[in-house]
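Me: I'm new to this one, so could you walk me through it slowly? I'd like to begin with the surface and then move on to the DNA.

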Amino acid sequence: MGSRLMVARIVETEAYRGDEPACHAFVNLARVQRGLAPRGRSALLFDEPGLAYVYLNYGVHWLFNVVTERAGVAGAVLVRAAEPQSGVEHMRRLRPGIEDEQDLASGPGKLTRALDIGPRFNGRSLCVARELWLAAPQVRVPPRQIEAGPRVGISKAQGLPWRFCLRGHPCVS
DNA sequence: GTAATGATAGCCT
DNA sequence: GGCTATCATTACT
């Protein structure tokens, strides 16, 4: 009986902060500043760091984020691309028809499909090794290899250089 | 270039 | 309640 473990190395992210309009939490900002509880989908972004925030985008794709700020302050990091490391055969089964291994998780929607990340993980901790978790990198990435640039696919708060990726990595478009 | 597909927000009555 | 625009994308022509 083979392991069902899948491991992928994150190679592209985007940061979102609750006080800028591209962030889902922005619609709750005024409420929270008045001392009211956040509500709706993005209330989770005001929760404690280390939780998963998974939401449906364009009615088609689940997108995977990590809540990053202390409770009461909204912020998250969108995980946009990852490089398959092990359990690749499982990812292939979840991404039928994809030949190139580097294309299995080379986008935020592709990544959630390849790793079977769906709404069941919304609000769950990523800090305990159960079903879905974040692990420290085996090899530390030198800051010089991390390229910062403008976020993609958004219409508000453009220009902030809050997209981060490994320079020239094949999983990054 | 563009269809697919559904949740959400903001507006209206 | 309803209506409409928008949307952190992908795969296909």
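**Surface patch and DNA strand C**

Reply: Leu5, Val7 and Trp133 make a nonpolar surface patch of about 240 Å², and please keep in mind that this is a predicted model.

Me: Where is Leu5 found?

Reply: Leu5 lies in the segment that comes before strand 1 (7-17).

Me: And why can Leu5 count towards a patch?

Reply: Patches are made of residues with over 30% relative accessible area, and Leu5 qualifies on that point because its relative accessible area is 43%, which makes it partly exposed.

Me: OK, on to the DNA. Which residues come nearest to DNA strand C?

Reply: There are 20 residues around DNA strand C, and of these His61, Asn65, Arg95, Gly153 and Ser155 come nearest. By class, the surface near the strand has eight nonpolar, eight polar and four charged residues.

Me: What part of DNA strand C do the atoms within 4 Å of the protein belong to?

Reply: Sugar or phosphate accounts for 61% of those atoms, while the rest belong to bases.

Me: Which polar atoms pair up there?

Reply: For a base, a backbone N or O atom of Ala22 lies 3.4 Å from a base nitrogen of DNA strand C. In the side chain of Asn57, an N or O atom is 3.1 Å from a sugar or linking oxygen of the strand, and a polar backbone atom of Lys110 is 3.3 Å from a phosphate oxygen of DNA strand C.

Me: Which elements give two or more residues to that surface?

Reply: Those are strand 2 (52-57), strand 3 (61-67), strand 4 (75-86) and helix 3 (108-114).

Methods: Residues numbered from 1 in each chain as written. Chains lettered and ligands numbered in written order. Predicted model: local features only at pLDDT ≥ 70, side-chain atom pairs only at ≥ 80, totals over all residues. Heavy atoms only, no water. Patch = residues over 30% accessible without salt bridge, like charges linked within 9 Å, V, L, I, M, F, W, Y side chains within 5 Å. Areas by Shrake-Rupley, 256 points an atom, 1.4 Å probe, with all protein chains shown as cover. Salt bridge = Lys/Arg side-chain N within 4 Å of Asp/Glu carboxyl O. Helix = DSSP H or I, 4+ residues; strand = E, 2+ residues; numbered from the N terminus. Buried < 20%, exposed > 50% of the residue type's maximum accessible area, 1.4 Å probe, protein only. Near = heavy atom within 4 Å. Polar contact = N/O pair within 3.5 Å; in protein donor to acceptor, adjacent residues only side chain to side chain. Nonpolar A, V, L, I, M, F, W, Y, C, P; charged D, E, K, R; others polar.
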